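Colleague: I am new to reading models like this one. Could you pick out a single part and take me through it slowly?

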Amino acid sequence: MKTKKEKQFGNPKSFGEGVMFPKHLSPKIFHSALFIYNASSAEETKQRVEYCAKEIGDESMSFAMAMLMLPTLMNSMAN
């Protein structure tokens with residue numbers, strides 16, 4: 001059975017104030033990557049990439065895109 005603390009782990013509110021995220025692992029990076037990943041078509045993906053780039057800026061967008069490319073890079077390194 002999960003404890004209350006374990007159940008809250010994925011909830012951003014459970015972190016409270018004072019929790020420092022590395023800039024490449026911040027919630028906005030994850031949310032942007034998930035937003036792009038869940039697009040239903042190539043055209044929608046393109047629109048979401050453009051939207052996120054405007055919203056979060058170049059550096060953060062680079063981190064989000066790197067998160068999306070990580071499985072591909074890992075597979076290419078394994079082969």
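Modeller: Happily; what follows is a close look at helix α2 and the helices around it.

First, two words on the ground rules. This is a predicted model, in which local features need pLDDT of at least 70 and side-chain atom pairs count only at pLDDT 80 or more, while totals for chains, interfaces and linings use all residues. Residues are numbered from 1 along each chain as its sequence is written, and side-chain values use heavy atoms, with hydrogens and water left out.

Let us start with the whole chain. The protein chain has four helices and zero strands, where helices (H or I, at least four residues) and strands (E, at least two) are DSSP runs numbered from the N terminus. Read from the N terminus on, the order of elements is α-α-α-α. Of the 79 residues in the protein chain, 15% are buried; buried means under 20% relative accessible area, exposed means over 50%, and partly exposed is in between, with a 1.4 Å probe and protein chains only. Take the contacts (heavy atoms within 4.5 Å) between residues at least 6 apart in sequence: 50% of them join residues at least 24 apart.

Now for our helix. Helix α2 covers residues 27–37, and its buried residues are Ile-29, Ser-32, Ala-33 and Ile-36. Looking down the axis of α2, you find these buried residues within an arc of 100 degrees, so they line one face of the helix; the arc is that of the directions from the helix axis to the C-beta atoms. There is a handy general rule to keep in mind here. An α-helix has 3.6 residues a turn, so residues three or four places apart point the same way. What covers the buried residues of α2? The cover includes α3 (42–56) and α4.

Let us take α4 as the partner to begin with. Helix α4 spans residues 58–78, and its axis comes within 9 Å of the α2 axis, crossing at roughly 55 degrees. That angle makes α2 oblique to α4. Axes here are lines fitted to C-alpha atoms, for helices over the stretch in contact, and angles run from 0 to 180 degrees between N-to-C directions. Angles under 35 degrees count as roughly parallel, over 145 as roughly antiparallel, 65 to 115 as roughly perpendicular and the rest as oblique. The crossing of α2 past α4 is right-handed. On the α2 side, the contact is made by Lys-28, Ile-29, Phe-30, Ser-32, Ala-33, Ile-36 and Tyr-37, and on the α4 side by Ser-60, Met-61, Phe-63, Ala-64, Met-65, Met-67 and Leu-68. Sorted by character, the residues of this contact of α2 with α4 are eleven nonpolar, two polar and one charged. In that sorting, Ala, Val, Leu, Ile, Met, Phe, Trp, Tyr, Cys and Pro count as nonpolar, Asp, Glu, Lys and Arg as charged, and the others, Gly among them, as polar.

One α4 residue deserves a pause. Ser-60 sits in helix α4 and counts as buried, at 9% relative accessibility. Leaving aside residues up to four places away in sequence, Ser-60 touches Lys-28 and Ile-29. The C-alpha atoms of Ser-60 and Leu-25 are separated by 9.6 Å, though the two residues are 35 apart along the chain.

Next comes α3. The axes of α2 and α3 come within 9 Å and cross at roughly 160 degrees, so α2 and α3 are roughly antiparallel to each other. Here Lys-28, Ser-32, Phe-35 and Ile-36 of α2 meet Thr-45, Arg-48, Val-49, Tyr-51, Cys-52 and Ile-56 of α3. This contact of α2 with α3 holds six nonpolar, two polar and two charged residues. Tyr-51, in helix α3, counts as partly exposed at 47% relative accessibility. Its C-alpha atom is 9.6 Å from that of Ile-36, a residue 15 places away along the chain.

Finally, try finding Ser-32 on your screen. Ser-32 belongs to helix α2 and, at 7% relative accessibility, counts as buried. Not counting residues up to four places away in sequence, Ser-32 touches Cys-52, Ile-56 and Ala-64. The two partner helices also meet: α3 and α4 pack at an angle of about 135 degrees, with their axes 7 Å apart. In that meeting, Val-49, Cys-52, Ala-53 and Ile-56 of α3 touch Asp-58, Ser-60, Met-61 and Met-65 of α4.

Definitions and conventions. Left-handed = near helix turned anticlockwise from the far one by under 90°.
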